[in-house]
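Good morning, and thank you for making time for this item. I should like to take you through one protein model, beginning with a single residue and then widening the view.

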Amino acid sequence: MSSINKTELGFNQWSLSDKPTMEDFNADNLLADQILEEKLDKSIISSGEWTPFLYGSTTEGNPTYTARDGFYCKIGPLVVCKGSIVISSKGGMSGALKIGGLPFAAIRSFSQPSAVIRDTNLAAGHIITGTIANYTSLAIIQSSNATGGSLQASEINDNFYFTNFSAMYITNS
């Protein structure tokens with residue numbers, strides 16, 4: 001039999017003389033599910049797809065994409081996004097390369113690395129990272145034996161790819 005005493009939330013509060021049944025435990029589980037559903041603010045968690053694009057800081061250009069995709073997860077103001085870009089033509093890009101189209105604008109630009117970029121077809125010795133630039137883009141930063149600073153459009157070929165990059169940043173939207 002169900003207990004006569006109930007907790008503040010309505011769960012059974014058993015005493016030594018009570019004889020709980022499976023139905024009593026199932027009823028408490030259903031009540032717990034209902035309470036969690038009501039109390040959990042699902043609006044703070046969202047996820048979805050986004051479409052990254054590659055552009056140059058001097059001349060944006062019009063690259064030809066073979067593939068590009070992205071996925072994000074937003075928990076409150078924290079955004080974690082992943083993506084990949086494959087091009088078959090640079091399309092006239094020049095200047096420092098950037099990845100645009102972030103799913104949410106950042107609250108500010110960051111000077112410390114906030115992105116990891118892997119799986120490119122750059123020559124050996126390049127280490128690629130990124131920072132949030134202009135609130136809506138990733139500036140691509142490289143470090144190699146010979147150079148440093150931003151990766152320039154002149155340093156990539158027409159058949160270029162970033163098949164795995166990720167970024168984490170804060171937004172106020």
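Let me begin with Ile-117, which is buried at a relative accessible area of 5%. Buried here means under 20% relative accessible area, exposed means over 50%, and partly exposed lies in between, with a 1.4 Å probe and protein chains only. This is a predicted model: local features need pLDDT of at least 70, side-chain atom pairs count only at pLDDT 80 or more, and totals for chains, interfaces and linings use all residues. Residues are numbered from 1 along each chain as its sequence is written, and side-chain values use heavy atoms, with hydrogens and water left out.

Ile-117 belongs to strand S6, residues 115–120. Helices (H or I, at least four residues) and strands (E, at least two) are DSSP runs, numbered from the N terminus. What is Ile-117 in contact with, leaving aside its neighbours within four places in sequence? The list consists of Ile-128, Thr-129, Gly-130, Ile-140, Phe-162, Asn-164 and Phe-165, where contact means heavy atoms within 4.5 Å. In addition, the C-alpha atoms of Ile-117 and Ser-166 are 6.5 Å apart in space, although 49 residues separate the two in sequence.

I turn now to the whole chain. The protein has one helix and 10 strands, and in sequence order the pattern reads α-β-β-β-β-β-β-β-β-β-β. Of its 173 residues, 35% are buried. If we take the contacts between residues at least 6 apart in sequence, 62% of them join residues at least 24 apart. The accessible surface is about 10,000 Å², and carbon and sulfur atoms account for 55% of that surface. These areas come from the Shrake-Rupley method with a 1.4 Å probe, and for residues only the protein chains shown count as cover.

Next, the strand pairing. Two strands pair if DSSP finds at least two bridges between them. Strand S1, residues 45–50, runs antiparallel to strand S3, residues 64–75, and six bridges join them. One of the partnerships here sets Trp-50 against Gly-70 in S3. Gly-48 is also located in S1, and this glycine is buried at 16% relative accessible area. Not counting residues up to four places away in sequence, Gly-48 touches Gly-70, Phe-71 and Tyr-72. Its C-alpha atom is 8.8 Å from that of Pro-103, which is 55 residues away along the chain.

S3 also pairs with strand S4, residues 78–89, in the antiparallel sense over 11 bridges. In this hairpin two residues lie between the strands, and Gly-76 takes a positive phi near 60°. Ile-75 stands opposite Leu-78 in S4, and Lys-74 has Val-79 as its bridge partner there. S4 in turn is joined to strand S10, residues 160–170, by nine bridges, again in an antiparallel arrangement. Within that pairing, Lys-82 has Ser-166 in S10 as its bridge partner.

Let us return to Ile-75, which sits in strand S3. Is this residue buried or partly exposed? Its relative accessibility is 46%, so Ile-75 counts as partly exposed. Together with Ile-44 and Ile-45, Ile-75 makes a nonpolar surface patch of about 270 Å². Patches are made of residues with over 30% relative accessible area and no salt bridge; like charges are joined within 9 Å, and nonpolar side chains (Val, Leu, Ile, Met, Phe, Trp, Tyr) within 5 Å. A salt bridge is a side-chain nitrogen of Lys or Arg within 4 Å of a carboxyl oxygen of Asp or Glu.

A word on the cysteines. How many disulfides does the structure hold? There are zero, a disulfide being a pair of cysteine sulfur atoms within 2.5 Å. Cys-73 is partly exposed at a relative accessible area of 28%, whereas Cys-81 is buried at 1%.

Finally, the segment before helix H1 (22–39) contains Ile-4. Ile-4 is exposed, with a relative accessible area of 74%. Ile-4 and Trp-14 are 10 residues apart in sequence, and their C-alpha atoms are 7.9 Å apart in space. Thank you for your attention.
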